[in-house]
Amino acid sequence: MKTFKILSLLFVITLTSCSSVRVNSDFDKKAPFENYKTYAFLKSSIDKAEISDLDKKRILRSIDETMTVKGFSKNENPDILISIFTKEKERVDVYNNSGFGWGLGWGGPFWGMNYSRVTTTPEGTLFIDLIDAKTKELVWQGEGTGYLTKDSNKKDERTKVFVNKILEQYPPKLK
């Protein structure tokens with residue numbers, strides 16, 4: 001029973017670590033964040049993002065939903081412009097296991113065992129930039145990094161997690 005509880009805990013920890021998104025943000029401390037109420041997407045920048053059009057739609061839809069919940073409205077004459085940038089890489093994890101035991105090999109019995117296991121996981125980073133529409137200056141940037149899924153049934157939910165985690169940082173807490 002104790003072994004089952006330990007294995008269950010390890011499974012939960014594994015799922016939690018796989019679903020997490022690591023976020024950072026930076027901002028211009030002199031920007032008038034309290035004046036920003038409306039937004040629009042910066043199409044020229046969105047078009048340059050090197051991801052599929054379907055993934056772009058997922059990201060933009062998630063940004064729309066999150067900004068609406070935060071009280072912002074989309075407008076043709078916006079206070080801020082939203083731009084995105086993405087990058088992807090393969091994360092490589094190497095697990096080295098060693099221990100003592102015995103086994104049978106080509107030359108007879110032996111003592112000790114060592115083995116390694118290598119796994120790769122696609123990891124992506126999404127940058128969301130907020131640009132003051134009047135000055136055309138970057139005023140806030142959020143970044144989220146985490147695992148990506150190739151499963152099209154899970155992409156919408158994973159995209160929402162990325163966007164929500166990043167935009168939790170906006171507006172910045174001014175001290």
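Helices (H or I, at least four residues) and strands (E, at least two) are DSSP runs, numbered from the N terminus. The model is predicted: local features need pLDDT of at least 70, side-chain atom pairs count only at pLDDT 80 or more, and totals for chains, interfaces and linings use all residues. Residues are numbered from 1 along each chain as its sequence is written, and side-chain values use heavy atoms, without hydrogens and water.

**Exercise 1.** Compare the expected span of α3 with the distance between its end C-alpha atoms.

*Solution.*
1. The expected span is 1.5 Å times one less than the number of residues.
2. For the 17 residues of α3 this gives 24 Å; the end C-alpha atoms are 24 Å apart, so the two agree.
3. After α3 comes G71, with a positive phi near 95 degrees.

**Exercise 2.** Identify the buried residues of α3.

*Solution.*
1. Buried means under 20% relative accessible area, exposed over 50%, partly exposed in between (1.4 Å probe, protein chains only).
2. In α3, K56, R58, I59, L60, S62, I63, T66 and M67 are buried.

**Exercise 3.** List the partners of W140 beyond its neighbours within four places in sequence.

*Solution.*
1. Contact means heavy atoms within 4.5 Å.
2. W140 is in contact with S25, D26, F27, F33, I128, D129, L130, I166, L167, Q169, Y170 and P172.
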